[in-house]
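Biologist: Please give me a close look at a single part of this model, and say how it sits in the chain. I would also like to know where caution is needed.

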Amino acid sequence: MQPISEPDSKDPATLPLRPVGRARATLERAVAHRDPIGLEEVIAEAALQTRVDRKFLLTPEEFTALAERLGIDFRIMEIDGLRTFRYESVYFDTEDFEQYRAHRQGRRRRYKVRSRTYADTGLSMFEIKTKGLRGATVKHRIEQELDDAGRLTDDSLKFLDEVVAREYGEDVPRLAPVLDSSYVRATFVNPLDGERVTCDVELKYANSTQQIDGPDLIVVETKSADGRGVSDQALAELGIRPVSMSKYCIGIALLNPQLPANKWSRLLDQRFQAPQRATAPRNRGDLQRRRAPLPHYA
């Protein structure tokens, strides 16, 4: 079977087709024939903003087996005829990566700050993810202008201050953009109980000096009210165990090998082909937002 190909985004009319990896091709096949669910219905019936998240890293074969076990109640989010979408995010942290370190150490009071753009629809959101009761993830977000994606505005800073003060009673330290990431996502949704399964491929990370591509695998994240959804049970039946994996922390560790990353060392070495850990810290004083953009393939 020939690999699915798509044009390079620089000039689709003249440049050669770019082959798509097995993970992307497998994902496209899995979502092609399921019943669709629109964004408005997802928001109205399945918009879990407080949920239990579990992450899994699957081979294409494992993902095919999972998709076959999901019942007919699961539909595919579709917008304007599209079922896979390019997500582009910019993450913010302190100069010494305070939030990365908090996550690595498993601190109760930790949060992630990012700007997320849905490249195929032009929607952009400013988001803060905090930890709620019993480890549940709580997402707080506001819409922002597309031109503001990747930078902290007065409105986003005010919102961030309010959320962190309300959730943790803390002041927000000085933040700057430290990581660009992008991936292609499809979302399975069960509108009956709000369970969702996001499936990410073509993961890419970049900062001001380099870019690293993720493996040709599917990052699956189950999102349910109690962590015991249909998808969680299906993965358990297949013998696939969750992994301790934050896409943000993996990206920071890959691009900054001088930082400690023992929590994810095995995953980085075995699945992400992590570079040799450095011993001297890099100088990040000149990091600017206007870094080269990530390639756009969707």
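Modeller: Caution is needed over residues 276-298, where pLDDT stays under 50. The model has 58 contacts beyond four places in sequence for residues 276-298. This is a predicted model, and where pLDDT is low, the predicted coordinates should not be read in detail. The other stretch to treat in this way is residues 1-18, where pLDDT also stays under 50; the model has 25 contacts beyond four places in sequence for it. Over the protein chain, pLDDT averages 83, and 82% of the residues score at least 70.

Some background on the chain comes next. The protein chain has eight helices and 13 strands. It is made of 298 residues, of which 51% count as buried. Among its contacts with a separation of 6 or more, 68% are between residues 24 or more positions apart. About 14800 Å² of the protein chain is exposed, and carbon and sulfur atoms supply 47% of that area.

For the close look, take His103. This residue lies in helix α4, which runs over residues 98-104. The relative accessible area of His103 is 13%, so His103 counts as buried, the cut-off being under 20%. Which residues does His103 contact, leaving aside neighbours within four places in sequence? They are Arg110, Lys112, Ser246, Cys249, Lys263 and Trp264. Take Ser246 from that list: 143 residues separate it from His103 along the chain, yet their C-alpha atoms are 8.7 Å apart.

Another contact of His103 is Cys249, which is one of the buried residues of helix α7. Helix α7 spans residues 247-255 and is mostly covered, with nine of its nine residues buried. Including Cys249, they run from Lys247 to Leu255.

Helix α3, residues 60-69, gives another pattern: Pro60, Phe63, Leu66 and Ala67 are buried there. Seen down the axis of α3, these buried residues fall within an arc of 115°, so they line one face of the helix.

Lys112, a contact of His103, also touches Glu127. Glu127 is part of strand β8, residues 123-131. Its relative accessibility is 0%, which means that Glu127 counts as buried. Not counting residues up to four places away in sequence, Glu127 also touches Val113, Arg114, Arg116, Tyr118, Lys139, His140 and Arg141. With Arg114 there is a polar contact too: it joins the two side chains at 2.7 Å.

Methods: Residues numbered from 1 in each chain as written. Predicted model: local features only at pLDDT ≥ 70, side-chain atom pairs only at ≥ 80, totals over all residues. Heavy atoms only, no water. Helix = DSSP H or I, 4+ residues; strand = E, 2+ residues; numbered from the N terminus. Buried < 20%, exposed > 50% of the residue type's maximum accessible area, 1.4 Å probe, protein only. Polar contact = N/O pair within 3.5 Å; in protein donor to acceptor, adjacent residues only side chain to side chain. Contact = heavy atoms within 4.5 Å. Arc of directions from axis to C-beta. Areas by Shrake-Rupley, 256 points an atom, 1.4 Å probe, with all protein chains shown as cover. pLDDT = per-residue confidence, 0-100.
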